[in-house]
Amino acid sequence: MQKTILTICSFLFFTVAVFSQEKKWAVGARIGEPAGLNIRRYSDQRAFDINIGTYGGIWGNNRAYRKGHYTSVGLAVNANYLWHGNFLKKEYVKYYYGFGGQFNNRKYFPKDQQLAQGVTTLSIGGDALAGIEFFVPDSPLSIFLEGGVYVEVLPSPLFMHVQNGIGARFNF
């Protein structure tokens, strides 16, 4: 997985071909939480965004959770519906905000049980995010910075975690 992400990032940073404008599709990498492969589909003033990758790696893999803790990195998949527009009336800088859902799969270690291997926990919740994206002139690349919050619904209602990240996308 790390080789795949590194290959994608290298491709994104060293590819320079066409004038950068918002295209219909974008594929890239996100570093943060969750980190991983990012795919975005743009329409006029909306977008649909999917991120597939890790959860718990960048901001620490030891975190209090329910009546125990996480001590590992897990899988995260999230999808968001976004609204976007020009930031400060510049076509090459866009703001966006939206909401969606997130699925996580991690090892959970309850305090009252002596489980050396932990228990695999599947969690589902909602998330909200906002960000800014800069489209590099004379390039198909865009660079983004975003932040948001994840609120779990199951199995731990109202468990909250701040999520943010930075990344790059190849627009086509």
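**Exercise 1. Locate aspartate 138 in this predicted model and describe its backbone and its exposure.**

Step 1. Aspartate 138 sits in the loop between E8 and E9.

Step 2. Its phi is near 60 degrees, a positive value in a residue other than glycine.

Step 3. Exposed means over 50% relative accessible area. Aspartate 138 has 52%, so this residue counts as exposed.

**Exercise 2. Do the same for leucine 88: which loop holds it, what is its phi, and is it buried or exposed?**

Step 1. The loop between E6 and strand E7 (90-110) contains leucine 88.

Step 2. Leucine 88 is not a glycine, yet its phi is positive, about 55 degrees.

Step 3. With a relative accessible area of 64%, leucine 88 is exposed.

**Exercise 3. Find the cis peptide bonds that precede proline 34 and proline 155, and place each proline in the chain.**

Step 1. Glutamate 33 and proline 34 are joined by a cis peptide bond with omega of about -5 degrees. Proline 34 lies in the loop between strand E1 (25-32) and strand E2 (35-42).

Step 2. From leucine 154 to proline 155 the peptide bond is also cis, and omega is near 0 degrees. Proline 155 belongs to the loop between E9 and strand E10 (160-171).

Step 3. Leucine 154 has a further role to note: it is one of the residues of a nonpolar surface patch, taken up in Exercise 7.

**Exercise 4. Write down the order of secondary structure elements and the buried share of the chain.**

Step 1. Count the elements: there is 1 helix, and there are 10 strands.

Step 2. Put them in sequence order. The pattern reads α-β-β-β-β-β-β-β-β-β-β.

Step 3. Turn to burial, where the cut-off is under 20% relative accessible area. Of the 172 residues in the chain, 41% are buried.

**Exercise 5. How many salt bridges does the structure hold, and which residues are linked in a network of them?**

Step 1. The structure holds 5 salt bridges. Side chains of opposite charge can pair when their charged atoms come close.

Step 2. Take arginine 40 and aspartate 49. Their closest N and O atoms are 2.9 Å apart, and both residues are buried.

Step 3. Take glutamate 133 and arginine 169, whose closest N and O atoms are 3.2 Å apart. This pair links distant parts of the chain, with glutamate 133 in strand E8, arginine 169 in strand E10, and their positions 36 residues apart.

Step 4. Check the burial of this pair. Glutamate 133 has a relative accessible area of 1% and is therefore buried; arginine 169, at 0%, is buried too.

Step 5. Join the pairs: Arg40, Asp49, Glu133 and Arg169 are linked in a network of salt bridges.

**Exercise 6. Characterise the largest cavity and the salt bridge between arginine 30 and glutamate 146.**

Step 1. Rolling a probe the size of a water molecule over the atoms shows where empty space is left. The search of the whole structure finds 1 cavity of 30 Å³ or more.

Step 2. The largest cavity holds about 90 Å³ of space. It is lined by 15 residues, and those closest to its centre are Arg30, Asn78, Leu129, Glu146 and Gln163.

Step 3. Strand E3 (46-55), E6, E8 and E9 each give two or more residues to this lining. E9 supplies the largest share, 4 residues.

Step 4. Sorted by class, the lining has 4 nonpolar, 7 polar and 4 charged residues.

Step 5. Arginine 30 and glutamate 146 meet in a salt bridge with an N to O distance of 2.6 Å. Arginine 30 is in strand E1 and glutamate 146 in strand E9, 116 residues apart.

Step 6. Arginine 30 has 8% relative accessibility, so it counts as buried. Glutamate 146, at 6%, counts as buried as well.

**Exercise 7. Which residues form the nonpolar patch on the surface, and which strands each supply at least two of them?**

Step 1. The patch consists of Ile52, Leu75, Val77, Phe103, Leu122, Ile124, Val153 and Leu154. Together these residues have about 670 Å² of accessible area.

Step 2. Strand E6 (74-87), strand E8 (119-135) and strand E9 (141-154) each supply at least two patch residues.

Step 3. As an example, isoleucine 124 is found in strand E8.

**Exercise 8. Where does glycine 100 lie, and how far is its C-alpha from that of asparagine 80?**

Step 1. Glycine 100 is part of strand E7.

Step 2. Its relative accessibility is 24%, so glycine 100 counts as partly exposed.

Step 3. Between glycine 100 and asparagine 80 the C-alpha to C-alpha distance is 4.1 Å, while the two are 20 residues apart in sequence.

Methods:
Residues are numbered from 1 along each chain as its sequence is written. This is a predicted model: local features need pLDDT of at least 70, side-chain atom pairs count only at pLDDT 80 or more; totals for chains, interfaces and linings use all residues. Side-chain values use heavy atoms; hydrogens and water are left out. Patches are made of residues with over 30% relative accessible area and no salt bridge: like charges are joined within 9 Å, nonpolar side chains (Val, Leu, Ile, Met, Phe, Trp, Tyr) within 5 Å. Accessible areas come from the Shrake-Rupley method with a 1.4 Å probe; for residues, only the protein chains shown count as cover. A salt bridge is a side-chain nitrogen of Lys or Arg within 4 Å of a carboxyl oxygen of Asp or Glu. On a 1 Å grid over the protein atoms alone, a cavity is a set of points where a 1.4 Å probe fits but cannot get out, and a pocket is an open set with protein on both sides within 12 Å along at least five of seven lines; lining residues have an atom within 4 Å of a point. Grid points are joined across faces, edges and corners, and a volume is the space filled by probe spheres set on the points. Ala, Val, Leu, Ile, Met, Phe, Trp, Tyr, Cys and Pro count as nonpolar, Asp, Glu, Lys and Arg as charged, and the others, Gly among them, as polar. Buried means under 20% relative accessible area, exposed over 50%, partly exposed in between (1.4 Å probe, protein chains only).
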